[in-house]
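I opened the notebook for a slow walk through this model. Here is what I looked up, entry by entry.

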Amino acid sequence: MSDEENPAAEPVQVLDVQGDGRWMSQHNRFVQECKDAEPDVLFVGDSMVQLMQQYEVWRELFSPLHALNFGIGGDTTCNVLWRLQNGELENIRPRVVVLWVGTNNHEHTAEQVAGGIMTIVQLLISRLPKVKIVVLGLLPRGEFPNPLREKNSTVNAFLRCALPRLGHVQFLDVGGGFVHSDGTISCRDMFDFLHLTAGGYGAVATPLHELLLQLLEETPQERRASVV
């Protein structure tokens, strides 16, 4: 499927329906951070990325890796694509990018969502040719089995097959332990059966942190040139 045929691969700004400019102000803050920070790891995505900063795992495991968090709640692949095309990759040279997005793409098919994620990956590769990329699999959602959970699983299956062809990209499925044998998800892991609790983030963070340490060890630092 080409990008032209895929609505999930079209860059889109979030409409300011609440009238407070919150999405654009967050984006502008990220663009400003790019001017001041020299991250080794960049996290980008939706609320799954954004909320990680509120928990101890971020301070314990990811802050020490010189990580930036460019997560905005509610974002789709289209919104992340727009943000990255409009300043959020300027002036920074992260060694690793962690991408976690797609569960909010409600109007798109699983194949379209996977295609949108692939388009973001291709943009990252074109802008940051030496970067290593980790794409986190979409988590199961909902207390009981449901179509959105099936769709996310199908997105992951597409990505597992397609991503290795792109080079320095790894797919990491961190959702394996959340669905119990009776098909339910516990509120101890996801307080609203979508967003993670501290314990849920702990389960996700451990394998991700191990992979990031490995990738950082393999990847030389490339600092931007000082502006005279």
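How many bridges join E3 to E4? I counted 4 bridges, and the two strands run parallel. Before going on, I noted that this is a predicted model, where local features need pLDDT of at least 70, side-chain atom pairs count only at pLDDT 80 or more, and totals for chains, interfaces and linings use all residues. Residues are numbered from 1 along each chain as its sequence is written, and side-chain values use heavy atoms, with hydrogens and water left out.

**Entry 1: the sheet**

My labels come from DSSP runs, numbered from the N terminus: helices are H or I with at least four residues, strands are E with at least two. Two strands count as paired if DSSP finds at least two bridges between them.

I found an open sheet of 5 strands in the order E2-E1-E3-E4-E5, with parallel pairing. E2 and strand E5 (169-172) are at the edges with a single partner strand each, so one side of each has no neighbour in the sheet. I then looked up the twist: on average, neighbouring strands of this sheet are turned by 15 degrees against each other, direction ignored. For that angle, axes are lines fitted to C-alpha atoms (for helices over the stretch in contact), and angles run from 0 to 180 degrees between N-to-C directions.

Next I checked two pairings by residue. Strand E1 (residues 41-45) is joined to E2 by 5 bridges, and the two run parallel. There I saw glycine 45 opposite glycine 71 in E2. Between E3 and E4, valine 97 stands opposite isoleucine 133 in E4.

Is strand E4 mostly covered or mostly open? Strand E4 (residues 132-136) is mostly covered, with 5 of its 5 residues buried. By my cut-offs, buried is under 20% relative accessible area, exposed is over 50% and partly exposed is in between (1.4 Å probe, protein chains only). Both faces of E4 are covered: Lys132, Val134 and Leu136 are buried on one side, Ile133 and Val135 on the other.

**Entry 2: aromatic pairs**

My rule here: rings of Phe, Tyr and Trp (its six-membered ring) pair if their centres lie within 6.5 Å; planes under 30 degrees apart are stacked, over 60 edge-to-face, and the rest tilted. By this rule I get 6 aromatic pairs. One of them is phenylalanine 30 with phenylalanine 70, a stacked pair at 4.5 Å centre to centre with 20 degrees between the planes. Phenylalanine 30 lies in helix H1 (residues 22-36) and phenylalanine 70 in strand E2 (residues 67-71), so this pair ties together parts that are 40 residues apart in sequence. Phenylalanine 30 is buried at a relative accessible area of 1%, and phenylalanine 70 is buried at 0%.

I also looked at tryptophan 58 and phenylalanine 62, which form a tilted pair: 5.8 Å centre to centre, 50 degrees between the planes. They are 4 residues apart in helix H3 (residues 56-62), which means about one helical turn separates them. Tryptophan 58 and phenylalanine 62 are both buried. Together, Phe43, Trp58 and Phe62 form one aromatic cluster.

**Entry 3: two helices**

At what angle do H4 and H5 pack? Helix H4 (residues 77-85) and helix H5 (residues 110-127) pack at about 15 degrees, with their axes 9 Å apart. That makes H4 roughly parallel to H5, a label for angles under 35 degrees (over 145 is roughly antiparallel, 65 to 115 roughly perpendicular, the rest oblique). Counting contact as heavy atoms within 4.5 Å, I listed residues of H4 that meet H5, among them Val80, Leu81 and Leu84; their partners in H5 include Ile117, Ile120 and Leu124.

**Entry 4: loops**

Glutamine 53 lies in the loop between helix H2 (47-50) and H3, and is partly exposed at 38% relative accessibility. Not counting residues up to four places away in sequence, glutamine 53 touches Trp58, Arg59 and Asn69.

Most residues other than glycine have a negative phi. I therefore marked histidine 66, which is not a glycine and has a positive phi of about 55 degrees. Histidine 66 lies in the loop between H3 and E2 and is partly exposed, with a relative accessible area of 46%. Asparagine 91 also has a positive phi, near 70 degrees. Asparagine 91 sits in the loop between H4 and strand E3 (96-100), and is partly exposed at 41%.
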